[in-house]
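Please look over the sequence and the model shown here before reading on. The report is meant to be read alongside them.

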Amino acid sequence: DGAVPAQQGDRFWPAQPRALEDTGLTATFVEELVLKALFAAGEMRGMDLANRLQLPTSVVDDIIEGLRRQKYVDIRGGGASGVGKSTMVYQLTPFVTDVLRQINDRNRYNGPAPVPFQEWVAAVKKQTVRGNRITRARMQDKFGDLIIRDYIFDGIGPAMNSGRAIFFYGPPGNGKTAICQGMVNCFEGDIFIPHAILIDDFVVRMFDANLHKPVEDDNTQPFDRRWVRCRRPLVVVGGELTLDMLDLVYSPEVKYYEAPFQMKATNGMLLIDDFGRQKVSPKDLLNRWIVPLESDIDMLTLHTGKKVQVPFDVFAAFSTNLDPSDLVDDAFLRRVRYKLEVQRPDEEQFHEIFQVMCKKRGVAYDASAVDHLIDTHYRPLKRPFAACQPRDLLDQVIDMAHYQGEEPRLTTELLDAAVRSYFVRFDKGEAGSGPT
């Protein structure tokens, strides 16, 4: 049944296992992890094996003793009297060859010991992204350098309190992705994400260093190191998304699974960016989400054909720069109750964004240079503003100044040069908002 998670108030806190039975794993399973680790490394100290499996040394020491009795593992050195088991160096014996071949035929997962599936499910409920009470005051300082207008706060605040989903639409380059990052910052509390979970006898890798950001340990209370203490994740998927990527990804070579995007986004936020530009049709993609959005349960399929119910505790956001009415039907829009048009900045906001970006890049802000930019390159051409343009143009100004061996300054000459290399000219006029 595994260790009962310790709690700090209502907070999930995975208790450090004191014995093998606290891990929810069998001795055979952990023995196999030890043998695979030794096979990959050649030889390892007891403490390094414990660190590899993220289990206490006392648990791993007991497992190693069992493997020594079976003559699968032996001490290479460091076995002198008075030296602790954790410093002894272990290696495989010739007797293990056939057993190891069978183990690797089953699965080649070599990493931290997994957490039983039901323990992860219980943790997800404790760390839910639902039921927040987010106020305007709490949101105020969570968006960093973004210039956020009242209508944005008023649109996303209630949506986050619903914990359900939001549909962003509007022209590209106006901060939809950055707004989502700020939204994640509004959700309170760190969460614990397992390195891997065990569904039946199959390992599913969960922790992803590209998506999950560990937080510094404050060492106030020990916890089960099979879990990683992280910030709530923001997982962004774009035009590359296919329906296959939303199921458990099984590798026949290594015989274990990688969790799909939405599982990695658990207790955090999932942004489907560039919605409508995927290879799969918008209708098929939306149909895939209807049940999870309504029931908080996602159905995944093992390579054996068995269906698995996993929690869908994710705040979902869909973002598009296409016309929503061309992409989705009314039935879906009813299910995603919150919609927000992210509008282009006006001239005043354009100045504000430039000012913020100059401060961030350490370049003196010059309002007259930005006025020249607008009067020369925007107003006559009816070129629309985009929130990304001040950052992009300023970065080009800095690059050009460095190329010329000068200190970066916001001058009309450098801005003119930046515009020439940033925007694309067509025979029939301008390209519109430029690169995003």
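What follows is a short account of the chain as a whole, then of one sheet and one helix pair.

This is a predicted model, and its chain holds 16 helices and 21 strands. The C-alpha trace spans about 85 × 55 × 45 Å along the principal axes, and of the 436 residues 49% count as buried. Among the contacts in the chain with a separation of 6 or more, 71% come from residues 24 or more positions apart.

One open sheet is formed by 5 strands in the order β6-β9-β10-β14-β13, with mixed pairing. Because β6 and β13 each have a single partner strand, they stand at the edges, and one side of each is left without a neighbour in the sheet. For β13 the strand joined to it by 3 bridges is β14, and the two run antiparallel; within this pair, Y250 stands opposite Y257 of β14.

The elements discussed here, with their residue ranges, are these.

| Element | Residues |
|---|---|
| Strand β6 | 115-116 |
| Strand β13 | 249-251 |
| Strand β14 | 256-258 |
| Helix α7 | 150-162 |
| Helix α8 | 176-186 |

Helices α7 and α8 pack with their axes 11 Å apart and at an angle of about 50°, which means that α7 is oblique to α8. Their crossing is right-handed. From α7 the contact is made by I152, I156 and M160, and from α8 by I179, M183 and C186; the residues of this contact divide into 6 nonpolar, no polar and no charged.

Technical notes: Residues are numbered from 1 along each chain as its sequence is written. This is a predicted model: local features need pLDDT of at least 70, side-chain atom pairs count only at pLDDT 80 or more; totals for chains, interfaces and linings use all residues. Side-chain values use heavy atoms; hydrogens and water are left out. Two strands pair if DSSP finds at least two bridges between them. Helices (H or I, at least four residues) and strands (E, at least two) are DSSP runs, numbered from the N terminus. Axes are lines fitted to C-alpha atoms, for helices over the stretch in contact, and angles run from 0 to 180 degrees between N-to-C directions. Angles under 35 degrees count as roughly parallel, over 145 as roughly antiparallel, 65 to 115 as roughly perpendicular and the rest as oblique. A crossing is left-handed if the near helix is turned anticlockwise from the far one by less than a right angle, and right-handed if clockwise. Contact means heavy atoms within 4.5 Å. Ala, Val, Leu, Ile, Met, Phe, Trp, Tyr, Cys and Pro count as nonpolar, Asp, Glu, Lys and Arg as charged, and the others, Gly among them, as polar. Buried means under 20% relative accessible area, exposed over 50%, partly exposed in between (1.4 Å probe, protein chains only).
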